[in-house]
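Reader: I'd love a close look at a single part of the structure below, the surroundings of one well-predicted strand. Please walk me through it in one go, with the cut-offs as you use them.

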Amino acid sequence: MKPRPKSIFSMHRVTVVATLALSALASDPAAAGGAFVYEVGTEDVGLAAAGYAARAQDATTVFTNPAGMTRLEGNQLELGTQVLYSDLNFSIGPGTSPALGTNNGGTAAGSGGWFPGGGFFFSHSVSPDLKIGFAAASNFGASLKYDDNWVGRYYGQQITLAGASLLPSIAYRATDKFSVGASVNAMYGYLKSVTAVNNLQPGLADGKVHLSDTEWGWGGNVGLLYEFTPDTRVGLTYSSQVNLNFSTPAQFTNLGPVMSALLGARGLLNANVNVGIKVTTAPSPTLPRFAREGEPATVGCQRESL
């Protein structure tokens, strides 16, 4: 994929930016967005997620629709790994202040554009009608790392946001045609952020503010599967929202004396930063949803069709 977003930085008063941005750490909530992906080491990579909730042809149904386990016999295990590549570049707008330089940040996604994916999926037959399973995978997040001197460094220099889900699951065949399933979604979230700080003194290199935290969030998935014939079935899944409530002190490095004094006067040098992320992972890989300005930070997408 080769998205090339464009933006304009019209910050003529560069010396004011850092103070204003850092004061926001202790004030209003911010809006953010992320991507939902179905590339977690399953056959959906080759099938473009067609029949995502209804195929139930192997152990990956523990993740896509737990009710589908009722179609599996015995014990089923699947492991999947993959390597993904993204070509994501930033284009500098004509209104950008010359004081910010001309660096476009380089290839921002992953490590030089490369990042891994994969998952673990297991299904066990307790009886012909009762199944239990377990899945481990991560299907949302963002990982961006720009060059140190890129023009947007005072907005963000590095961000990693990811959630790894552990999904113990159960399914039951209520009739010959109808099955139900459910999973507990224990999500382990990881947040890391680095932003440059303008030190307000000519010739002095930028400082940085670092945020880093991990947090557990909890949710659930419910799945239904109705089989009209052995070759025709309909699946429906619902995934609840998972809240990741990160809370961590801001860590500043390489601050100049002027900026250090300003931040100290505002009580921000040891300020605790609360970042609440609402993760919605309703599986519709072709319909990513990004939070609008003013909304709480949301990562994921919404399903509009089966």
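Author: The protein chain holds 4 helices and 16 strands; helices (H or I, at least four residues) and strands (E, at least two) are DSSP runs, numbered from the N terminus. This is a predicted model, in which local features need pLDDT of at least 70 and side-chain atom pairs count only at pLDDT 80 or more, while totals for chains, interfaces and linings use all residues. Residues are numbered from 1 along each chain as its sequence is written, and side-chain values use heavy atoms, with hydrogens and water left out.

Let's choose the part by confidence. pLDDT is the predictor's confidence in each residue, from 0 to 100. Its average over the protein chain is 78, and 79% of the residues score at least 70. Among the elements, strand 6 has the highest mean pLDDT, 96, and strand 15 (residues 288–290) the lowest, 30. Two stretches call for care: residues 1–33, where pLDDT is below 50, and residues 282–306, where pLDDT stays under 50. Where pLDDT is low, the predicted coordinates should not be read in detail. So strand 6 it is, with its mean of 96.

Strand 6 spans residues 130–137, and Leu-130 belongs to it. Its partner is strand 8 (residues 158–173), with which strand 6 pairs in the antiparallel sense over 8 bridges; two strands pair if DSSP finds at least two bridges between them. Within this pairing, Lys-131 stands opposite Ala-171. Strand 8 also has other partners. Strand 7 (residues 140–145) is joined to strand 8 by 5 bridges and runs antiparallel to it, with Ser-143 opposite Thr-160. Strand 9 (residues 178–197) pairs with strand 8 over 14 bridges, again antiparallel, and here Ser-165 faces Met-187. A hairpin of 4 residues links strand 8 to strand 9.

Back to Leu-130. How open is this residue to its surroundings? Leu-130 counts as partly exposed because its relative accessibility is 27%; buried means under 20% relative accessible area, exposed over 50%, and partly exposed in between (1.4 Å probe, protein chains only). Contact here means heavy atoms within 4.5 Å. Not counting residues up to four places away in sequence, Leu-130 touches His-124, Ser-125, Ile-170, Ala-171 and Tyr-172. The C-alpha atoms of Leu-130 and Arg-173 are separated by 6.7 Å, though the two residues are 43 apart along the chain.

Arg-173 also turns up beside Thr-70, whose contacts, again beyond four places in sequence, are Pro-128, Asp-129, Lys-131, Ala-171, Tyr-172, Arg-173 and Ser-179. Thr-70 sits in the loop between helix 3 (61–64) and strand 3 (76–85). At a relative accessible area of 1%, Thr-70 is therefore counted as buried. Its side chain makes a polar contact with the side chain of Ser-179 at 2.8 Å, and that side chain also reaches the backbone oxygen of Ala-67 at 3.0 Å. A polar contact is a pair of N or O atoms within 3.5 Å; within protein, one must be able to donate a hydrogen and the other to accept it, and residues adjacent in sequence count only if both atoms are side-chain atoms.

Now for the nonpolar side of the story. A nonpolar core is a set of buried Ala, Val, Leu, Ile, Met, Phe, Trp, Tyr and Cys residues joined through side-chain atoms within 4.5 Å. The largest one has 12 residues, including Val-62, Phe-63, Phe-121, Ala-135, Ala-137, Leu-167 and Ala-171. Helix 3, strand 6 and strand 8 each supply at least two residues of this core. A second core lies apart from it, with 10 residues, among them Leu-211, Ala-250, Leu-263 and Ala-271. In soluble globular proteins, nonpolar side chains tend to be buried together. Within the largest core, Ala-135 is a good place to look: beyond its neighbours within four places in sequence, Ala-135 is in contact with Val-62, Phe-63, Phe-120, Phe-121, Ser-165, Leu-166 and Leu-167.

Finally, the whole-chain setting. Buried residues make up 44% of the 306 residues. Of the contacts with a separation of 6 or more, 68% involve residues 24 or more positions apart.
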